[in-house]
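Colleague: Could you walk me through this model before I set anything up on it? I have the viewer open and a few loose questions.

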Amino acid sequence: MAQFTDRHGAQHALPAPDAEAQVRADDRNHVFHSWSAQGLIDPLPVAAGEGATFWDYEGKDYLDFSSQLVNLNLGHQHPDLVAAIQHQAGRLATIQPAIANDVRGELARLIAEVAPDGLNKVFFTNGGADANEYAVRMARQVTGRRKVLSMYRSYHGSTATAISLTGDPRRWATEVSDAGAVRFFGPYLYRSAFHSETIEQESQRALEHLEQTILLEGPATIAAIIIETIVGTNGVLVPPPGYLQGVRDLCDKHGIVYIADEVMVGFGRLGEWFGIDAFDAKPDLITFAKGVNSGYVPLGGVVISDAIAERFDKVAFPGGLTYSGHPLACAAGVATFEVFRRDGILERVRDLSSRVVEPTLRAWTEKHPSVGEVRGQGLFWAVELVRDRETREPLVPFNASGADAAPMGAFTAAAKKGGVWPFTHFNRMHVAPPLIISEDDLVRGLTVLDEALTVADEYTTA
Ligand code: PLP
């Protein structure tokens, strides 16, 4: 029987391989999966997870360089998070949101303490999309305006408003035409919409474009601008110096609410509590989810500025959720803070980033003809793959699927064969392992990806 060793050296048996058939059958017959043509997928049955690793039923192990959906910041089966949930389940498994509850209040206080000054209240949601829905609702309530500006190349979630604000093809099939969504181009020097040649030009021109968009849309019609502090799934696009401060200034000038979507980058991914800490700009609302408790129990929320929170001191906020601030989820959140502080998670993210990930990835730009650019921060990096480094033609076309996506499919298959579960999107591979990954595993995983890139190199045309 296949076994695996946990972080304490204890041996655990994996379920017998013949259990896999039932898992597969139940899944194929009854589980309706996200974002998929149901008849064309073959989801991998996973038997166990521990730290940065998970195992299939054959006992093959994968290093999770995707942190599941970039949520598993503290890895699988973290003993402190598991214990916190078990303990909370034993004392009060659930309580409705109109009641004051100890762990809910404690987590809100802990979040407020690490949020930028002047953001002191938290509205809890079930995940990231609804956090953005509620942030937008707050902005509309306080401004009395309706439009919301968001970037092309962004993802804000799959509920009605969130998907309409999203700037990637996932919105095409379902966007709501009266959502009041207006999109603009953010900074992306490697594929500049503004023909910029320097990072300074890109920052300045992207801000000019945003201001033009605001003026032409009518400042008095715009409730909010929502921006992922570092654009996540759509490219790990790191904002250039000055850009987010410029957004803040434009919002101040025109009475617009600045919403920072930190669903992917919050809680340590960038080596900061909130990603915005690295960029010296202060949003009015910050949305979070994923890393707040590594997704052990669904949880998201909005951190609210005092000015916005006060608007609802005497007037009811029109919104709520049965599971807002669920005690099991909040207990895992409180434990997350304890682990981060005790184990110096933010410090180790910065250290591993600067000492291991960044130099390794930068070296790939020399070594692999398929690597056009690498960019990122903390344990959040993108490797942008191209057919030709001169022309920057992407390795696969935008939104490619089927045969068009074959080069990325071949790269992904090579990574998985080598024992790494990669995050890929369009022509990019992202490096986003759990923040607790050991240095040895990090180096081992990067070595596998390095080898898998030789498969991508075969598709280059230069
Ligand atoms: N915002 C960002 C930046 C995200 O990356 C995601 C999910 O990946 C969401 C919002 C939506 O979060 P959820 O899937 O929890 O609704």
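Colleague: Let me start with a small one: which residue in β5 does Phe54 stand opposite?

Modeller: Phe54 stands opposite Tyr62 in β5. The strands involved are β4, residues 53-56, and β5, and they pair in the antiparallel sense over three bridges. Please keep in mind throughout that this is a predicted model.

Colleague: What sheet is that pair part of, and in what order do the strands come?

Modeller: It is an open sheet of four strands in the order β3-β4-β5-β16, and the pairing within it is mixed. The edge strands are β3 (46-50) and β16 (420-421), each of which pairs on one side only.

Colleague: Since it's predicted, what is the mean pLDDT of the chain, and where is confidence lowest?

Modeller: The chain has a mean pLDDT of 96, with 100% of its residues reaching 70 or more. Confidence in the chain is lowest in strand β1, residues 3-5, where the mean is 80, and highest in strand β11, residues 285-288, at 99.

Colleague: OK, on to the ligand. Which residues surround it?

Modeller: The ligand is surrounded by Gly127, Gly128, Ala129, Asn132, Tyr155, His156, Gly157, Glu228, Asp261, Val263, Met264 and Lys290. Sorted by class, that shell has four nonpolar, five polar and three charged residues.

Colleague: Which helix gives the largest share of the shell?

Modeller: That is helix α5, residues 128-143, from which three residues of the shell come.

Colleague: And what polar atoms lie by the ligand's nitrogen and oxygen atoms?

Modeller: I can give you three pairs. A polar side-chain atom of Asp261 lies 2.8 Å from a nitrogen atom of the ligand, while a polar side-chain atom of Lys290 lies 2.9 Å from an oxygen atom of the ligand. With Ala129 it is a polar backbone atom, and the distance to an oxygen atom of the ligand is 2.8 Å.

Colleague: How much of the ligand does the protein bury?

Modeller: Taken alone, the ligand exposes 390 Å², and the protein buries 79% of that.

Colleague: Asp261 came up twice there. Where does Asp261 sit, and is β10 enclosed or open?

Modeller: Asp261 belongs to strand β10, residues 257-261, and five of the five residues of that strand are buried, so β10 is largely enclosed by the rest of the structure. The cover is on both faces, with Val257, Ile259 and Asp261 buried on one side and Tyr258 and Ala260 buried on the other. As background, side chains in a regular strand alternate between the two faces of the sheet.

Colleague: Which strand is joined to β10 by five bridges, and in what sense do they run?

Modeller: That is strand β9, residues 222-228, and the two run parallel. Within that pairing, Glu228 has Asp261 in β10 as its bridge partner, and both Glu228 and Asp261 are among the residues surrounding the ligand.

Colleague: Switching topic: how many residues of strand β6 are buried?

Modeller: Five of the seven residues in β6, which spans 119-125, are buried, so to speak a mostly covered strand. Six bridges join β6 to strand β12, residues 300-305, and these two run antiparallel, with Val122 standing opposite Val303 in β12.

Colleague: I also look at backbone torsions. What is the phi of Val70, and what about His195?

Modeller: Val70 has a positive phi of about 55° although it is not a glycine, and the phi of His195 is near 55°, again a positive value in a residue other than glycine. For context, most residues other than glycine have a negative phi.

Colleague: Where are those two placed, and is each of them buried or exposed?

Modeller: Val70 is in helix α2 and is buried, with a relative accessible area of 1%. His195 is in the loop between β8 (181-184) and α7 (199-217), and with a relative accessible area of 69% it is exposed.

Colleague: Last one: where is Phe65, and is it buried or exposed?

Modeller: Phe65 lies in the loop between β5 (61-64) and α2 (67-70). It counts as buried because its relative accessible area is 1%, and the cut-off for that class is under 20%.

Definitions and conventions. Residues are numbered from 1 along each chain as its sequence is written. Side-chain values use heavy atoms; hydrogens and water are left out. A residue is near a molecule or strand if one of its heavy atoms lies within 4 Å of it. A polar contact is a pair of N or O atoms within 3.5 Å; within protein, one must be able to donate a hydrogen and the other to accept it, and residues adjacent in sequence count only if both atoms are side-chain atoms. Accessible areas come from the Shrake-Rupley method with a 1.4 Å probe; for residues, only the protein chains shown count as cover. Ala, Val, Leu, Ile, Met, Phe, Trp, Tyr, Cys and Pro count as nonpolar, Asp, Glu, Lys and Arg as charged, and the others, Gly among them, as polar. Buried means under 20% relative accessible area, exposed over 50%, partly exposed in between (1.4 Å probe, protein chains only). Two strands pair if DSSP finds at least two bridges between them. pLDDT is the predictor's confidence in each residue, from 0 to 100.
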